[in-house]
Amino acid sequence: MRPRIHPESRLVAFRDRAANTLFLNRSTAASTQTIEWEDGNTYPLIDVDISSASHPFYTGTSRVVDTAGRVERFERRYGRAATARP
């Protein structure tokens, strides 16, 4: 790798807002928020909406998806699709 062209990689704390869990991982992401970790060090904090702690695939839970509403909204916007040819 060429020197001085890659962003700095450092430890960053990620907080999953859905599951209210914290992860400490290496990242190049920047943040203005900080958090003091269990080891006494301060790390940048990035809030995420979903992670492995709250994603349905990893947790085994399912969510109801409003597919009927999406289809109706699509049909209102673009009209009913043509019927399939034999």
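Biologist: Let's start with one residue: in which strand is the place of Arg26?

Modeller: Arg26 sits in strand E2. A strand here is a DSSP run of E with at least two residues, a helix is a run of H or I with at least four, and both are numbered from the N terminus. Keep in mind that this is a predicted model, where local features need pLDDT of at least 70 and side-chain atom pairs count only at pLDDT 80 or more, while totals for chains, interfaces and linings use all residues. Residues are numbered from 1 along each chain as its sequence is written, and side-chain values use heavy atoms, with hydrogens and water left out.

Biologist: Which residues is Arg26 in contact with, leaving aside its neighbours within four places in sequence?

Modeller: Those are Ser9, Arg10 and Leu11; contact means heavy atoms within 4.5 Å. Arg26 and Ser9 are 17 residues apart in sequence, yet their C-alpha atoms are 6.2 Å apart in space. The Arg26 side chain also reaches the backbone oxygen of Ser9 at 2.7 Å.

Biologist: What makes Asp47 and Arg15 a salt bridge?

Modeller: The rule asks for a side-chain nitrogen of Lys or Arg within 4 Å of a carboxyl oxygen of Asp or Glu. The closest N and O atoms of Asp47 and Arg15 are 2.6 Å apart, so the pair qualifies. Asp47 lies in strand E4 (residues 42-48) and Arg15 in strand E1 (residues 10-16), so this bridge ties together parts that are 32 residues apart in sequence.

Biologist: How many salt bridges does a search of the whole structure find?

Modeller: Two. Asp49 and Arg17 form a salt bridge too, with closest N and O atoms 2.2 Å apart. Asp49 is in the loop between E4 and helix H1 (56-59), and Arg17 is in the loop between E1 and strand E2 (21-27).

Biologist: Why does Asp47 count as partly exposed?

Modeller: Buried means under 20% relative accessible area, exposed means over 50%, and partly exposed is in between (1.4 Å probe, protein chains only). Asp47 has 30% relative accessibility, so partly exposed is the right label. Arg15, at 27%, is partly exposed as well. Asp49 and Arg17 are both exposed.

Biologist: What makes the aromatic pair of Phe74 and Tyr78 tilted?

Modeller: Rings of Phe, Tyr and Trp (its six-membered ring) pair if their centres lie within 6.5 Å; planes under 30 degrees apart are stacked, over 60 edge-to-face, and the rest tilted. Phe74 and Tyr78 are 5.0 Å centre to centre with 50° between the planes, so they pair and count as tilted. Both residues lie in helix H2 (residues 67-78), four residues apart, or about one turn of the helix.

Biologist: How do you know that E1 and E2 pair, and in which sense?

Modeller: Two strands pair if DSSP finds at least two bridges between them. E1 and E2 have seven bridges, so they pass, and the sense is antiparallel. Phe14 has Phe23 in E2 as its bridge partner. E1 also runs parallel to E4, joined by four bridges.

Biologist: Why is one side of E2 and of strand E3 (34-36) left without a neighbour in the sheet?

Modeller: The four strands form an open sheet in the order E2-E1-E4-E3, with mixed pairing. E2 and E3 stand at the edges with a single partner strand each, so one side of each has no neighbour.

Notes. A polar contact is a pair of N or O atoms within 3.5 Å; within protein, one must be able to donate a hydrogen and the other to accept it, and residues adjacent in sequence count only if both atoms are side-chain atoms.
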